[in-house]
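Open the model in your viewer and keep the sequence panel beside it. Each stop below says what to select and what is there.

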Amino acid sequence: MMRNRIIVSEKPLFITIVIAVIITGGLTISSLRSTGGANPTSILCTFVNSQSQTQLKDPTTTHFSAIMYYATARGVAAQQTLPEIRTVFDVLQTLAPCNLLVFGIGHESLMWSAFNTRGTTLFLEDDIKWVQKTLSNAPALRVHHIAYETQLSEAESLLESYKTTPKCLPPQVDLKGNTECKLALSKLPEEVYRREWDAIIIDGPRGYYQEAPGRMAVIFSVAVMARRRQGAGDTHVLVHDVNRKVEQEYAEEFLCKNNLAKAENRLWHFKIPPAAKDSPTFC
């Protein structure tokens with residue numbers, strides 16, 4: 001059974017921007033002063049002046065750039081590197097406003113939501129402590145608290161057994177209510193199944209010790225979502241921590257190397273087209 005669910009309605013854009021700038025801007029200035037760096041004001045002026053003329057015509061782009069600048073400044077404990085964040089930023093800048101689904105919450109969550117201004121951004125997280133911590137700093141985020149039924153220790157056996165489980169195989173594979181396939185996330189909130197997601201970020205659940213849920217079921221289920229897309233265009237899938245064996249193997253098995261659009265440090269960006277209705281394989 002899915003554990004308790006927490007849903008918080010999104011607030012207007014200005015609240016998101018103010019929170020991001022205030023929280024991270026203070027850390028930036030403090031860090032620069034403590035390290036004897038350049039004047040924070042001059043750095044910000046240089047950053048703003050470096051923006052193109054098109055940004056002056058498009059204030060939304062300027063907002064995005066400002067948020068990323070503050071959120072990735074020195075002194076902020078980001079979980080992703082600046083080049084990785086820039087890759088996500090570029091994808092969302094192209095798609096926004098869009099439907100964005102994020103597995104895992106953390107330091108970047110408010111930034112992901114802000115990048116998708118006027119779009120729908122939904123976070124799925126199994127660690128209630130992370131849910132509470134993140135929402136205490138960013139109450140505008142929309143978060144579902146969910147449960148996983150796999151463990152990292154099962155990664156190898158699941159990668160083999162799915163091939164002999166009809167309910168795990170295309171073209172008939174589905175997610176909602178599919179309890180026969182252990183890799184299928186069959187008990188997610190209804191909204192997850194109802195919407196078509198333009199972009200999906202996989203940065204959770206935990207996958208660094210044997211009893212952790214691992215990201216096997218998430219990667220598999222995201223592949224199913226992308227393949228079943230009815231709308232026009234590709235599904236953009238961004239998988240973090242591909243330096244780890246499980247993330248890499250499952251991404252290659254279900255998201256497919258031929259769909260890999262970009263690799264940046266520990267982040268892979270896939271562009272997955274809808275599959276033909278009778279396609280018998282993932283790749």
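Select Arg206, which at 27% relative accessibility counts as partly exposed. This is a predicted model. Now add Asp126 to the selection: its side chain meets that of Arg206 in a salt bridge, 2.9 Å from N to O. Arg206 belongs to the loop between strand S4 (199–202) and helix H10 (216–227), while Asp126 belongs to the loop between strand S2 (120–125) and helix H7 (128–137), so the bridge ties together parts that are 80 residues apart in sequence. Asp126, unlike its partner, is buried, with a relative accessible area of 4%. Side chains of opposite charge can pair when their charged atoms come close.

Next, stay in the loop between S4 and H10 and select Arg215 and Asp203. Their side chains also meet in a salt bridge, at 3.8 Å from N to O. The two ends are 12 residues apart in sequence, and both residues are buried. Extend the selection to Glu84, Asp241, Arg244, Glu247 and Arg266: together with Asp203 and Arg215 they are joined into one network by salt bridges that share partners.

For another salt bridge, go to Glu191 and Arg195, where the closest N and O atoms are 2.9 Å apart. Glu191 is buried, with a relative accessible area of 9%, and Arg195 is partly exposed at 29%. The model holds 18 salt bridges in total.

Helix H7 is the next stop. Which residues of H7 are buried? Select Val131, Thr134 and Leu135 to see them. Looking down the axis of H7, you find its buried residues within an arc of 95°, so they line one face of the helix. An α-helix has 3.6 residues a turn, so residues three or four places apart point the same way. Show helix H6 (109–115), S2 and strand S3 (143–145) as well, since the buried residues of H7 pack against these elements. Turn to the other side of H7, where Lys129, Gln132 and Ser136 are exposed.

Then move to the N-terminal end of H7, which is capped by Asp127. A side-chain oxygen of Asp127 lies 3.0 Å from the backbone nitrogen of Lys129. While here, select Trp130 and Lys133: the charged end of Lys133 sits over the ring of Trp130, 5.0 Å from the ring centre.

The last stops concern aromatic rings, which form 10 pairs in this model. Select Tyr162 and Phe282, an edge-to-face pair with 6.4 Å from centre to centre and 70° between the planes. Tyr162 is in the loop between helix H8 (155–161) and helix H9 (190–194), and Phe282 is in the segment after strand S7 (267–272), 120 residues away. Are these rings buried or exposed? Tyr162 counts as buried at 7% relative accessibility, and Phe282 counts as buried at 10%.

Add Phe220, Tyr250 and Phe254 to see the cluster that ring pairs make with Tyr162 and Phe282. Now include Arg227, whose charged end sits over the ring of Phe282, 5.3 Å from the ring centre.

Finish at Tyr208 and Tyr209. Their ring centres are 5.2 Å apart and their planes are at 65°, so this pair is edge-to-face. Tyr208 counts as exposed, at 59% relative accessibility, and Tyr209 counts as partly exposed, at 31%.

Terms used. Residues numbered from 1 in each chain as written. Heavy atoms only, no water. Phe/Tyr/Trp six-rings, centres within 6.5 Å; stacked < 30°, edge-to-face > 60°. Helix = DSSP H or I, 4+ residues; strand = E, 2+ residues; numbered from the N terminus. Buried < 20%, exposed > 50% of the residue type's maximum accessible area, 1.4 Å probe, protein only. Lys NZ or Arg CZ within 6 Å of the ring centre and 35° of its normal. Salt bridge = Lys/Arg side-chain N within 4 Å of Asp/Glu carboxyl O. Arc of directions from axis to C-beta. Contact = heavy atoms within 4.5 Å. Polar contact = N/O pair within 3.5 Å; in protein donor to acceptor, adjacent residues only side chain to side chain.
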